[in-house]
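Me: I'd like to go through this structure with you, starting inside the protein and then moving out to the DNA. Could you take it piece by piece?
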Amino acid sequence: MAGNYWLFKSEPGAYSYEDLVRDGVAEWDGVRNYQARNFLRDRIKNGDQVLFYHSNAKPTAVIGTAVVVKAGYPDDTAWDQNSDHPDPKSSPDNPIWYMVDIRPLDRFSKEVTLQDIRNNPLLEDMLLLKKGGRLSIQPITEQQYCTICKMGKC
DNA sequence: GCCAACGTTGGC
DNA sequence: GCCAACGTTGGC
């Protein structure tokens with residue numbers, strides 16, 4: 001299988017890996033950044049594998065893996081005024097924002113912290129480490145994915 | 001809580 | 001189309 005690999009960021013206070021395990025399947029909604037939207041809409045496919053990263057956490061780290069179970073489709077929370085992130089410019093007829101569904105795979109027995117990633121020369125090219133690597137959805141390589149999985153002993 | 005680095009908005 | 005102001009992200 002020639003799927004793609006991604007890193008999804010989430011603030012654990014908003015939605016943690018534990019929440020994903022509890023829910024079983026999560027709609028990855030609320031992404032309001034065009035670059036990330038393009039990935040969600042055009043590139044992320046069923047079966048793609050995902051590293052789940054906790055940002056704004058102690059420590060900031062990759063917690064586990066997940067798999068995409070539904071490719072990009074319109075984010076209907078955008079036109080729900082009661083949602084956490086409504087956008088009046090988006091509508092069912094003309095959706096601006098997209099989301100995917102993911103399901104948890106393996107929780108790491110050891111969190112892979114940002115510092116661990118920095119310290120591994122194999123991972124020096126990751127967007128996460130670049131200045132301004134704030135994108136909440138980042139493409140990663142298979143090698144980067146596998147390296148981090150091994151570090152997390154999953 | 002601070003602040004650097006971005007993205008977005010809006011006046012012109 | 002430029003760019004200043006503003007909001008957000010996210011590490012520390």
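**Aromatic pairs, sheet and DNA contacts**

Reply: W6 counts as buried because its relative accessibility is 0%, where buried means under 20% relative accessible area, exposed over 50% and partly exposed in between, computed with a 1.4 Å probe on protein chains only. Please keep in mind that this is a predicted model, in which local features need pLDDT of at least 70 and side-chain atom pairs count only at pLDDT 80 or more, while totals for chains, interfaces and linings use all residues. Residues are numbered from 1 along each chain as its sequence is written, chains are lettered from A and ligands numbered from 1 in the order in which they are written, and side-chain values use heavy atoms, with hydrogens and water left out.

Me: How many aromatic pairs does a search of the whole structure find?

Reply: The search finds seven, counting rings of Phe, Tyr and Trp (its six-membered ring) whose centres lie within 6.5 Å, with planes under 30 degrees apart called stacked, over 60 edge-to-face and the rest tilted. One of them joins W6 and F39 in a tilted arrangement, at 5.3 Å centre to centre and 55° between the planes. W6 lies in strand β1 (residues 5–10) and F39 in helix α2 (residues 34–43), so this pair ties together parts that are 33 residues apart in sequence; helices (H or I, at least four residues) and strands (E, at least two) are DSSP runs, numbered from the N terminus.

Me: And F39, buried or exposed?

Reply: F39 is buried, with a relative accessible area of 12%. Y17 and F52 form another aromatic pair, which is edge-to-face, with 5.3 Å centre to centre and 75° between the planes. That pair links distant parts of the chain, with Y17 in helix α1 (residues 17–23) and F52 in strand β3 (residues 49–54), 35 residues apart. Y17 and F52 are both buried, and together with F8, Y15 and W28 they form one aromatic cluster.

Me: Switching topic: in what order do the six strands of the open sheet run?

Reply: The order is β2-β5-β4-β3-β1-β6, with mixed pairing, where two strands pair if DSSP finds at least two bridges between them. The edge strands, each pairing on one side only, are β2 (26–27) and β6 (137–140). Strands β4 (residues 61–74) and β5 (residues 98–113) pair in the antiparallel sense over nine bridges, and A66 has P104 in β5 as its bridge partner.

Me: Now the DNA. Which residues surround strand C?

Reply: DNA strand C is surrounded by K9, Y53, S55, N56, T60, L114, R118 and R134, a residue being near if one of its heavy atoms lies within 4 Å. Of the atoms of DNA strand C within 4 Å of the protein, 70% belong to sugar or phosphate and the rest to bases. Phosphate oxygens of this strand lie 2.9 Å from a side-chain N or O atom of K9, 2.8 Å from one of Y53 and 3.1 Å from a backbone N or O atom of N56.

Me: What about strand B, which residues are around that one?

Reply: Y34, K89, K131, G132 and R134 surround DNA strand B, and 60% of its atoms within 4 Å of the protein belong to sugar or phosphate, the rest to bases. A polar backbone atom of K131 is 2.5 Å from a phosphate oxygen of DNA strand B, and a backbone N or O atom of G132 lies 3.0 Å from a phosphate oxygen of that strand. R134 has a polar side-chain atom 2.7 Å from a base oxygen of DNA strand B.

Methods. Polar contact = N/O pair within 3.5 Å; in protein donor to acceptor, adjacent residues only side chain to side chain.
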